[in-house]
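Let us walk through this structure together, one piece at a time. Have the sequence and the 3D view at hand as you read.

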Amino acid sequence: MTITVKGITKRFGTFTALNNVSLEVPSGELVALLGPSGSGKTSLLRILSGLEQPDQGTAFFDGTDLGEQSARQRNVGLVFQHYALFRHLDVFENVAFALRVRKRPDAEVRARVTELLQLVQLEGLGRRMPSQLSGGQRQRIALARALAARPRVLLLDEPFGALDAQVRAELRSWLRRLHDEIHLTTVFVTHDQDEAFEVADRVVVMNHGRVEQVGSPAEVFEHPANDFVMRFLGHVNVLDAQLSQGSARVGDVVLDVIHDATSPHRGRVYVRPHEVEIGRAHTVGAIAARVTRVTPLGGGLKIDLTAPALGSNLRADVDWERGSQLALRDGDEVFLSLRRARVFEQAA
Amino acid sequence: MILERAIPRAATTEPLWVRRIVIGFGLVFVGLFVVVPLGTVVIAALSHGISAYGRAISDPQALRALKLTLLVAVIAVPFNVVFGVAAAWAIARFKFRGRALLITLIDLPLAVSPVIAGLVFVLLFGAHGVLGPWLSAHGVKVIFALPGIVLATTFVTFPFVARELIPLMEAQGHEEEEAALVLGASPWQMFTRVTLPKIKWGLLYGVVLCTARAMGEFGAVSVVSGNIRGRTSTLPLHVEILYNEYEYQAAFAVASLLVIIGIASLIARRVIARRRKEAT
């Protein structure tokens with residue numbers, strides 16, 4: 001089932017949640033809508049599910065206009081951040097709900113629910129009440145419930161947002177495996193970049209009700225379309241600069257950048273922490289800096305630096321090996337070179 | 001600072017003598033204003049023996065008053081359930097113009113004296129009222145008849161269900177209802193399979209409060225019913241009639257029926273409140 005969104009605008013009072021959004025989700029793909037809160041990602045999901053109506057624009061499933069279809073006719077599976085399990089029904093009846101309202105025969109209901117409980121690895125919990133389950137279990141039941149009536153698309157609204165970090169990580173990779181098994185067209189809303197990158201085939205970065213960029217995780221990370229995407233995806237050092245064609249002056253330092261400004265103007269230069277190289281010895285063009293703090297982080301070290309020549313503080317990330325070679329301590333004098341510095345046309 | 005006591009005491013716990021005085025005051029107050037009067041009802045009701053008590057409550061006019069009281073409750077309570085659920089639904093789910101006004105108006109019967117409420121219906125439907133002449137020309141009798149009693153009782157009791165449900169439905173949110181719709185439920189299926197079970201205990205609690213009040217209402221009913229003995233007198237009105245005729249023992253016997261209804265509703269409320277706690 002291909003999802004097509006054409007020119008959708010949605011306003012709540014004076015707030016524009018979605019501003020002329022167009023998007024295509026190819027059949028069988030898992031796409032993440034990634035953006036800060038208020039970026040419109042949840043509104044888009046609710047419009048696709050039929051819980052909200054767009055003010056302008058239309059959405060299609062395989063070319064069928066959804067404007068004519070109510071939420072109950074669309075047959076989508078929707079998973080809420082806070083599960084929204086029916087608190088008065090046990091796990092079995094929660095999963096069976098979509099089949100019960102369709103008046104399916106009892107034997108079919110039993111077979112399907114059993115199959116789904118196996119799929120989400122919670123067989124044997126059918127008679128528990130939702131309040132007796134852990135958060136991770138509840139969300140898996142919510143997923144089983146959403147899949148019961150064999151929906152045409154699966155929509156997940158921050159599904160792991162209310163869970164603690166470890167359970168979240170487990171469920172992420174489990175969801176990805178599940179998707180590889182059932183190949184249901186899936187739209188996944190999240191504000192967590194790691195989650196989007198780990199789970200999704202493609203990422204749609206949203207901000208202020210607009211789509212900023214669409215691409216594979218590697219594409220949007222390596223080639224951000226604009227400064228918003230650059231800043232939103234992971235940490236970045238932002239340096240004030242005077243830009244002219246092919247170069248940027250930051251403090252006393254002149255950097256080579258790809259830029260075709262005809263007249264010089266003020267702007268910003270973006271450098272990822274892993275693109276900052278640290279050396280003990282001075283080399284040609286290197287920038288003097290002082291270490292202010294060294295913090296061990298997951299795969300390496302985070303190093304906070306102050307560089308008077310750049311007129312700024314910045315952060316560098318180095319792996320463990322490089323870190324132990326450098327053996328940095330707070331207050332050490334070092335020399336930096338910037339492997340890559342980026343400039344975007346429009347400033348935020 | 002010197003510690004005066006070896007055993008530390010929680011900051012919110014009062015010294016023993018303060019606790020004793022506060023508890024004692026509460027007990028004395030409840031005793032004087034609740035236990036003594038209720039005890040008097042029972043003693044006076046039984047003052048001429050069990051058989052006199054039996055005669056008083058099986059008197060045909062007392063039985064008719066009981067029947068009328070039950071009939072009024074059976075009509076007024078379901079009406080208020082429908083109204084209460086609809087009003088609570090509208091207020092909890094939607095933002096609309098006049099929402100604040102509706103919330104205020106729901107409380108109106110609790111703020112207005114029941115006698116005034118009764119008078120309003122007399123002014124509307126009475127022989128010299130706004131709609132009265134037209135209605136009586138079409139053979140409809142409201143005042144001094146069952147419809148008037150039902151109207152007045154409904155008016156006085158309509159806040160109970162709505163007030164119980166509004167905070168409950170606001171707290172529960174409507175994600176489950178949204179989930180039901182997306183899962184393919186019709187609006188009616190959503191209501192019966194999701195909303196109604198969610199609010200079940202709160203609704204029952206409201207129904208008990210509403211019923212108890214409907215059966216005990218005196219002021220409003222007294223004004224609209226005309227208090228015609230054996231025809232439009234409900235239990236509380238019948239008590240008054242007997243009392244005015246110096247039949248004290250019979251009056252208290254009938255009053256004891258109202259006490260029993262009241263105590264039964266208290267027990268029902270306790271049971272429902274406990275079930276509700278277990279269910280959440």
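In this predicted model, a good place to begin is strand β15 of chain A, which covers residues 276-279. Its side chains alternate: V276(A) and I278(A) point to one face and are buried, while E277(A) and G279(A) point to the other face and are not buried. Which strand does β15(A) pair with? Its partner is strand β19 of chain A, residues 333-338, and the two are joined in the antiparallel sense over 4 bridges. If you look for I278(A) in the view, you will find L336(A) standing opposite, in β19(A).

Now step back to take in chain A as a whole. Its 10 helices and 19 strands belong to a chain of 348 residues, of which 41% are buried. Taken along the principal axes, the C-alpha atoms fill a box of roughly 80 × 45 × 35 Å. Among the contacts in chain A with a separation of 6 or more, 65% are between residues 24 or more positions apart.

Next, turn to the sheets. One of them is an open sheet of 4 strands in chain A, in the order β13-β12-β11-β14, with antiparallel pairing. At its edges stand β13 (253-256) and β14 (265-271) of chain A; each has a single partner strand, so one side of each is left without a neighbour in the sheet. From one strand to the next, the twist averages 40°. Inside this sheet you can trace the pairing of strand β11 of chain A, residues 237-244, with β14(A): the two run antiparallel and are joined by 7 bridges. To follow one of these links, find A241(A), whose bridge partner in β14(A) is G267(A).

Another open sheet in chain A has 6 strands, and its order is β6-β7-β8-β3-β9-β10. Here the pairing is mixed. The edge strands are β6 and β10 (210-215) of chain A, each pairing on one side only. The twist in this sheet averages 20° from one strand to the next. Towards the β10(A) edge, strand β9 of chain A, residues 202-207, runs antiparallel to β10(A), and 5 bridges join them. M206(A) has V211(A) as its bridge partner in β10(A).

What lies across β6 and β7 of chain A? That is helix α5(A), which runs at about 165° to β6(A). This helix spans residues 135-147, and its 13 residues reach 19 Å from the first C-alpha to the last, close to the 18 Å expected at 1.5 Å a residue. Is α5(A) largely enclosed or largely open? Since 10 of its 13 residues are buried, α5(A) is largely enclosed by the rest of the structure. The buried residues include R138(A), I141(A), L143(A) and L147(A). What covers them includes β6, α3, α4 (106-119), β7 (153-157) and α6 (165-182) of chain A.

From β6(A), you can move on to a single residue in the loop that follows. Q81(A) is found between β6 (76-79) and α3 (91-100) of chain A. Is Q81(A) buried or partly exposed? Because 19 C-beta neighbours lie inside 10 Å, while 20 would be needed to be buried, Q81(A) counts as partly exposed. Leaving aside residues up to four places away in sequence, Q81(A) touches D157(A), E158(A), P159(A), G161(A) and A162(A). For a sense of distance, compare Q81(A) with G323(A): the two are 242 residues apart in sequence, and their C-alpha atoms are 39 Å apart in space.

Chain A also meets a partner, chain B. How many residues does each chain bring to the contact? Chain A gives 18 residues and chain B gives 14 residues. On the side of chain A that touches chain B, the elements giving two or more residues are α2 (71-74), β6 and α3 of chain A. The residues on that side divide into 11 nonpolar, 5 polar and 2 charged.

Finally, a word on confidence. The model scores ipTM 0.85 and pTM 0.81. Chain B averages a pLDDT of 89, and 96% of its residues score at least 70. Among the elements of chain B, the lowest mean pLDDT, 84, belongs to helix α7 (residues 132-137), and the highest, 94, to helix α10 (residues 175-182).

Note on methods
Residues numbered from 1 in each chain as written. Chains lettered and ligands numbered in written order. Buried ≥ 20, exposed ≤ 12 C-beta atoms within 10 Å, placed from the backbone. Contact = placed C-beta atoms within 7 Å. Expected span 1.5 Å × (residues − 1). Nonpolar A, V, L, I, M, F, W, Y, C, P; charged D, E, K, R; others polar. pLDDT = per-residue confidence, 0-100. Pairing = 2+ DSSP bridges. Axes fitted to C-alpha atoms, helices over the stretch in contact; angles between N-to-C directions.
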